[in-house]
Amino acid sequence: MSEKLTQQDRNEILSILTELIKIPSVNTGKDADIPEARIADFITEYLQNIGIKCQTIVTDTGRPNIIGRWPDDTNEKPTLTLNAHIDTVNIDGMVIEPFSADVKDGRIYGRGACDTKASLAIFLWLMKHIPDYKDIIYKRIEFLATCDEENFCGGSRYLVENGYKADEMIIGEPTNCRVGVAHRGLMNINLIAKGTCAHASVPNQGENAIYKITEAITLISKKWIPQLEADKHNLLGRATSAVTIIKGGHRINIIPDRCEATMDTRILPNQSPDELIDYLQKVVGDLCEVQCVAQYPALETDANLPFVRRLLQASKQFTGSDKPVGLPYLTDASQFARTGAKCVVFGPGGIEQAHSANEYLEIDQLYQSAEILLNFILGLRQ
Ligand SMILES: [Zn+2]
């Protein structure tokens, strides 16, 4: 037996998504802006109207995360948290109207349509309708909207650093209704070489920091990167690392006393950031200093956990597969999993449409995703 969406359910979900797209929440990455403010008001009002109490947790940069719980008078387990972020990437270069939510040929267009206002719309709809059912397999359902995700998971990081805990979590991101159980982690690494200035007509009297960095990069690409990339994960493939910025020098006739480079490094779940940094410093010796300036853990959730198996079963009807997938991108799950929460990533739409110049969502996937989650929460077999 399974529960099917009615035409009215479909209309309701699409209309929530339409309203969400029409509220811009573009994350510029600048602290002065709080792009999530208006969409947070919309969500708070929606939840209050359906009788769910809300709590707003404001980050140190003034941005709102919103939590709503049903019912709000129990701490019994198991609980399920439905999480999606409320910010979007910017609209530069978009070739469609970003905030008009136009519908054409079975698609809805707009910034955030796919990443990830579609998941938000489904979660809000579920919060309204789940209380209508007598038997659900969770003691409590929690809705969690996070801010600042597109700026390296700022909202979820704040929550986790301030004691937020969850049990089983679905992170709404575009997976084409497949169940994502793993993604790589990210390390942002700086290399800093110091030297001594001298007039460029007498280079031997100085110490050239650019030469030191280039020598270090050669060693890194010969020794460190091949070792980093040696392991292969069955869902994620290999770790990768690339030098992405290099800066140094003052003038054409001065030997540079400082040169810096950055590296974007994507790691597998079993790789230890601390060990990688130690080995990197060993490889470059005293040519430069190695600093890991930011770390985002990889995700790997056991696909045999009962709740993951149930979601895989529920998604099979539409996707034809009950195999979990690995994801190429980073999500808020990376933060929540650090606290012991069990996280899977799931949602309508594909990552190739997210952040794109004509971002859209196939509306059928919106309904499929909602139906999968409804049946999953009710514990029904398809
Ligand atoms: Zn996203």
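Is Asp115 buried or exposed? With a relative accessible area of 4%, Asp115 is buried (under 20% relative accessible area; exposed is over 50% and partly exposed in between, with a 1.4 Å probe and protein chains only). Keep in mind that this is a predicted model, where local features need pLDDT of at least 70, side-chain atom pairs count only at pLDDT 80 or more, and totals for chains, interfaces and linings use all residues. Residues are numbered from 1 along each chain as its sequence is written, and side-chain values use heavy atoms, with hydrogens and water left out.

**View 1. The zinc ion and its donors.** His85 (NE2), Asp115 (OD) and Glu173 (OE, listed twice) coordinate the zinc ion at 1.9 to 2.7 Å. Donors here are N, O and S atoms within 2.8 Å of the metal (3.2 Å for Na, K and Ca), and sites may look incomplete because water is not among the atoms. Along the chain the donors follow the spacing H-x29-D-x57-E. His85 sits in strand S3 (residues 79-85) and Asp115 in helix H3 (residues 113-129), so this pair, 30 residues apart, links distant parts of the chain. Helices (H or I, at least four residues) and strands (E, at least two) are DSSP runs, numbered from the N terminus. Like Asp115, His85 is buried, at 2% relative accessibility. Why is the arrangement irregular? The four donor atoms subtend angles of 52 to 140° around the zinc ion. Four donors would count as tetrahedral if all angles lay between 85 and 135 degrees; four count as square planar and six as octahedral if opposite donors are over 155 degrees apart and all others between 65 and 115, and anything else is irregular.

**View 2. Cysteines without partners.** The disulfide count is zero, taking a disulfide as a pair of cysteine sulfur atoms within 2.5 Å. Cys114 is in no disulfide, and its nearest cysteine sulfur, that of Cys177, is 11 Å away. Cys114 is buried at 1% relative accessibility. The sulfur of Cys197 is too far for a bond, because the closest cysteine sulfur, in Cys259, is 12 Å from it. Cys197 is partly exposed, with a relative accessible area of 37%.

**View 3. Backbone oddities.** Most residues other than glycine have a negative phi, and most peptide bonds are trans. Lys77 and Pro78 are joined by a cis peptide bond, with omega about 0°, and Pro78 lies in the loop between strand S2 (64-70) and S3. Another cis peptide bond joins the zinc donor Asp115 to Thr116, with omega about -5°; Thr116 lies in helix H3. Cys177 is not a glycine, yet has a positive phi of about 65°. Look for Cys177 in the loop between strand S7 (168-172) and strand S8 (180-183), where Cys177 is buried with a relative accessible area of 1%. His355 also has a positive phi, of about 60°, without being a glycine. His355 belongs to the loop between strand S15 (342-346) and strand S16 (360-362) and is partly exposed, with a relative accessible area of 41%.

**View 4. Two pairs separated in sequence.** Tyr109, in strand S5 (residues 107-109), is 252 residues from Leu361 in sequence, while their C-alpha atoms are 6.6 Å apart in space. Tyr109 is buried, at 17% relative accessibility. Val160 and Ile351 are 191 residues apart in sequence and 26 Å apart, C-alpha to C-alpha. Val160 is in helix H4 (residues 154-161) and is buried, with a relative accessible area of 12%.
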